[in-house]
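Reader: Please take a close look at the ligand site of this model, and then set it against the rest of the chain. I would like the cut-offs stated along the way.

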Amino acid sequence: MQDTNIAPTVTTEFEKEVYSGLTDYPKHLSSKYIYDKKGDKLFQDIMAMPTYYLTNCEYEILEQNKHEITALFSGSGTFDLIELGAGDGKKTKILLKEFSDKKIDFTYVPIDISNNALNQLHDSCKIELPEVNVQPFQGTYFEALKEINTRKNRKVILFLGSNIGNLMHDQAVGFMEKIQQLMQPNDLLLMGFDQKKNPQTILDAYNDQEGITAAFNKNILARINSELEGNFDLEQFLHWEVYDPETGTAKSFLVSKIEQTVRIESLDLTVHFKQWETIHTEISQKYDDQIIDWLAKESGLQLTTAFQSKTHSYKNCVFKIA
Ligand SMILES: C[S@@+](CC[C@H](N)C(=O)[O-])C[C@H]1O[C@@H](n2cnc3c(N)ncnc32)[C@H](O)[C@@H]1O
């Protein structure tokens, strides 16, 4: 059913969320729409930046602990390795290779909103890991829950890259609770949690001098331009990152440098921006042990094992149902 205050032309989730986000106050857009072919490439460029420490830390954890993780995952026989927001799977391939070398019986189910990311991952697995059975699923995290529910094998669910940090605490609890409801006693959930640390290190990770993160953030406007006939002038928006060390919340904004009007033809929508008005685009929550314990307790999960990077910057935690 169409919302009464939304133009009849608004039908897809992308259209609906762009319409409601840009007519709300303050304005906001969901970071899940940053990822298309260009957004995926920009995110790979971000992962390659030395300041974006998250990727190296998680890579190190998986590489250092792959034998223990393999034993944990494969202890109860065949399983589906279901990855939420898999991206390019660079880090996951450490585990895929290890499982493949050890002749472990599993099916890899990468799930991502980006069709482009999934196709590239599927193609690269065919070449690099031809023994691995890959069954990609395109959809949002919430659509993924339905897919997970249809699968009969034992489940090992991966949520890497601190992707959970893109959800506010209440959304994260709601999502983890839904995952918990789909888990059986032998199922496991492995999640990556970026840790609270020197606030400058966090700001530097999301605010590089080369402007890669800025281009990534602005890609959501580029998508509106190309897919919804928008006329955003990307030069007239500033990428801005803030970090609150008390709450551990990093937030990305696009700030309008001037007073301006933007037209989004396919939504029949005209959006007015005052000078310095913001669009909130992304949250990247940082964690400590207390918050992780709280998230687990609220969602009916029990922490069984935690791995941390040498610098203590990042943690990967394994949960089962409580
Ligand atoms: C920050 S990247 C991390 C990728 C990978 N997990 C890693 O650690 O390198 C987030 C990935 O999740 C996907 N994604 C973001 N929001 C999503 C959502 N709501 N539903 C499904 N996929 C999503 C993006 O397309 C992207 O590939």
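Author: The shell around the ligand divides by class into seven nonpolar, seven polar and three charged residues. In this count Ala, Val, Leu, Ile, Met, Phe, Trp, Tyr, Cys and Pro are nonpolar, Asp, Glu, Lys and Arg are charged, and the others, Gly among them, are polar. The model is a predicted one: local features need pLDDT of at least 70, side-chain atom pairs count only at pLDDT 80 or more, and totals for chains, interfaces and linings use all residues. Residues are numbered from 1 along each chain as its sequence is written, and side-chain values use heavy atoms, with hydrogens and water left out.

The ligand is surrounded by 17 residues, and the closest are Gly85, Lys91, Asp112, Tyr141 and Gly161; a residue belongs to this set if one of its heavy atoms lies within 4 Å of the ligand. Polar contacts are pairs of N or O atoms within 3.5 Å; within protein, one atom must be able to donate a hydrogen and the other to accept it, and residues adjacent in sequence count only if both atoms are side-chain atoms. A polar side-chain atom of Lys91 is 2.6 Å from an oxygen atom of the ligand. For Asp112, an N or O atom in the side chain lies 2.5 Å from a ligand oxygen atom. Ile113 takes part through its backbone, where a polar atom is 3.2 Å from a nitrogen atom of the ligand. On its own the ligand has 590 Å² of accessible area, and the protein covers 94% of it. Accessible areas come from the Shrake-Rupley method with a 1.4 Å probe; for residues, only the protein chains shown count as cover.

Next in sequence after Lys91 comes Thr92, which is found in helix α5 (residues 92–101). Helices (H or I, at least four residues) and strands (E, at least two) are DSSP runs, numbered from the N terminus. Thr92 counts as buried because its relative accessibility is 1%; buried means under 20% relative accessible area, exposed over 50%, and partly exposed in between, with a 1.4 Å probe and protein chains only. Thr92 and Leu160 are 68 residues apart in sequence, yet their C-alpha atoms are 8.4 Å apart in space.

Helix α5 also holds Asp101 and Lys97, four residues apart, about one turn of the helix. These two form a salt bridge, with the closest N and O atoms 2.8 Å apart. A salt bridge is a side-chain nitrogen of Lys or Arg within 4 Å of a carboxyl oxygen of Asp or Glu. Asp101 is partly exposed at 48% relative accessibility, and Lys97 is partly exposed at 44%.

The whole structure has 19 salt bridges. Asp194 and Lys286 form one of them, at 2.7 Å from N to O. This pair links distant parts of the chain, 92 residues apart: Asp194 is in strand β7 (residues 188–194), and Lys286 is in the loop between β12 (278–285) and α11 (289–298). Asp194 is buried, with a relative accessible area of 0%, and Lys286 is buried at 1%. Asp80, Glu147 and Arg151 are joined into one network by salt bridges that share partners. Glu63 and Lys66 also meet in a salt bridge, at 2.8 Å from N to O. Glu63 is partly exposed at 31%, whereas Lys66 is buried at 17%.

Strand β8 (residues 237–244) contains Val242, which counts as partly exposed because its relative accessibility is 32%. Val242 joins Leu238, Trp240 and Trp276 in a nonpolar surface patch of about 410 Å². Patches are made of residues with over 30% relative accessible area and no salt bridge; like charges are joined within 9 Å, and nonpolar side chains (Val, Leu, Ile, Met, Phe, Trp, Tyr) within 5 Å. Ser252 is in strand β9 (residues 249–256) and is buried at 3% relative accessibility. The side chain of Ser252 makes a polar contact of 2.6 Å with the side chain of Glu241.

Some backbone details remain. Most residues other than glycine have a negative phi, and most peptide bonds are trans. Glu229, in the loop between α10 (212–228) and β8, has a positive phi of about 55 degrees. His312 has a positive phi near 65 degrees and lies in the loop between β13 (301–308) and β14 (314–321). The peptide bond from Tyr25 to Pro26 is cis, with omega near -5 degrees, and Pro26 is in the loop between α1 (13–23) and β1 (27–28).
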